[in-house]
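Dear colleague,

I am passing on the structure we spoke about, and below it you will find my notes on what turned up when I went through it. Please read them with the model open beside you.

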Amino acid sequence: RHRKFVTCTSHGRAGIPTGRICMEVRGEGWGVIDNPPRTRGGTWRERMSLFDMTGKVAIITGSSRGIGQAIAEEMADHGAKVVISSRTIDDCAAVAAGINAKHTGAALAVASSLSSKESLQNLVDEARKAFGKVDVLVCNAASNPHYGPMATITDEQLRKTLDNNIVSQHWLIQMVVPEMIERKSGSIVIVSSIAGLRGTPI
């Protein structure tokens, strides 16, 4: 029988608690399992315990709260040096302090804005100055100036969406990818919305 194992991120699957391991058997729906099966790499929990970012440096935009903060904290827990970035330095510093309290010297706070190419270049420059390189870029920050159907978005709101959510990510990638190509090693993660796959009636 077809089986699929996932970690729930919501209560959307038959009320399964967030963070639990879930199993889907085709035609029989979803259910919680406490002991996931072994694979060639071991159990799910064993494989996660082998996840190691020691010696890696990651820039995570929009990491002073929410998903970005969670990504930065998890990467630091797995050995990475992380650069915390958002528009407000105080918020960045608070997250960095929390990480550094747990992992000394693992986090750097740098304020940056998606609307300024110079600001983004400074973010990358400060990361290299502090940690010597950039191994991972997580493009998590974005703008949402309009909540509603396409028919009502203004030209100004559309331009801001395109500039901050596409052009700025392109700039950041251009800034870090040359060293990744030279090293033949690196990762770029672009966080997006489920709305790109499935529309939402509003």
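**Helix H5 and its surroundings**

Lys-184 has a relative accessibility of 78% and therefore counts as exposed, the cut-off for that being over 50%. This residue sits in the loop between H5 and E8, and its phi is positive, near 60°, although Lys-184 is a residue other than glycine. Please bear in mind throughout that this is a predicted model.

To place that loop in the whole, the chain holds five helices and eight strands, and its elements run, from the N terminus on, β-β-β-α-β-α-β-α-β-α-β-α-β. Of the 202 residues in the chain, 31% are buried. Among contacts with a separation of 6 or more, 52% are between residues 24 or more positions apart.

The helix that Lys-184 follows is H5, and I spent most of my time on that element. H5 covers residues 155–183, and because each residue should add 1.5 Å, its 29 residues should span 42 Å, which agrees with the 41 Å between its end C-alpha atoms. There is nevertheless a kink of about 35° at Val-176, shortly before the proline Pro-178.

Which residues of H5 are buried? They are Asn-164, Ser-168, Gln-169, Leu-172, Met-175, Val-176, Glu-179 and Met-180, and what covers them includes helix H4 (117–131) as well as the strands E4 (57–61), E7 (136–139) and E8 (187–190).

Two of these buried residues deserve a separate word. Val-176, the site of the kink, has a relative accessibility of 0% and so counts as buried. Leaving aside neighbours within four places in sequence, Val-176 is in contact with Val-124, Arg-128, Val-134, Leu-137 and Ile-188. Its C-alpha atom is separated by 9.9 Å from that of Asp-125, which is 51 residues away along the chain. Asn-164, which also belongs to helix H5, counts as buried because its relative accessibility is 8%, where the cut-off is under 20%. Not counting residues up to four places away in sequence, Asn-164 touches Leu-114, Ser-115, Ser-143 and Gln-169.

**How H4 lies against H5**

Two packed helices are described by the angle between their axes and the distance between the axes. The axes of H4 and H5 come within 10 Å and cross at roughly 30°. Since angles under 35 degrees count as roughly parallel, H4 is roughly parallel to H5. The crossing in which H4 passes H5 is right-handed.

On the H4 side, the residues that meet H5 are Lys-117, Leu-120, Gln-121, Leu-123, Val-124 and Arg-128, while on the H5 side they are Ser-168, Trp-171, Leu-172, Met-175, Val-176 and Glu-179.

Is Lys-117, in helix H4, buried or exposed? At 38% relative accessibility Lys-117 falls between the two and therefore counts as partly exposed. Not counting residues up to four places away in sequence, Lys-117 touches Trp-171 and Met-175, and the C-alpha atoms of Lys-117 and Val-167, 50 residues apart along the chain, are separated by 9.6 Å.

With best regards

Notes: Residues numbered from 1 in each chain as written. Predicted model: local features only at pLDDT ≥ 70, side-chain atom pairs only at ≥ 80, totals over all residues. Heavy atoms only, no water. Helix = DSSP H or I, 4+ residues; strand = E, 2+ residues; numbered from the N terminus. Expected span 1.5 Å × (residues − 1). Bend = angle between axes of the 7 residues up to and from the residue. Buried < 20%, exposed > 50% of the residue type's maximum accessible area, 1.4 Å probe, protein only. Contact = heavy atoms within 4.5 Å. Axes fitted to C-alpha atoms, helices over the stretch in contact; angles between N-to-C directions. Parallel < 35°, antiparallel > 145°, perpendicular 65-115°, else oblique. Left-handed = near helix turned anticlockwise from the far one by under 90°.
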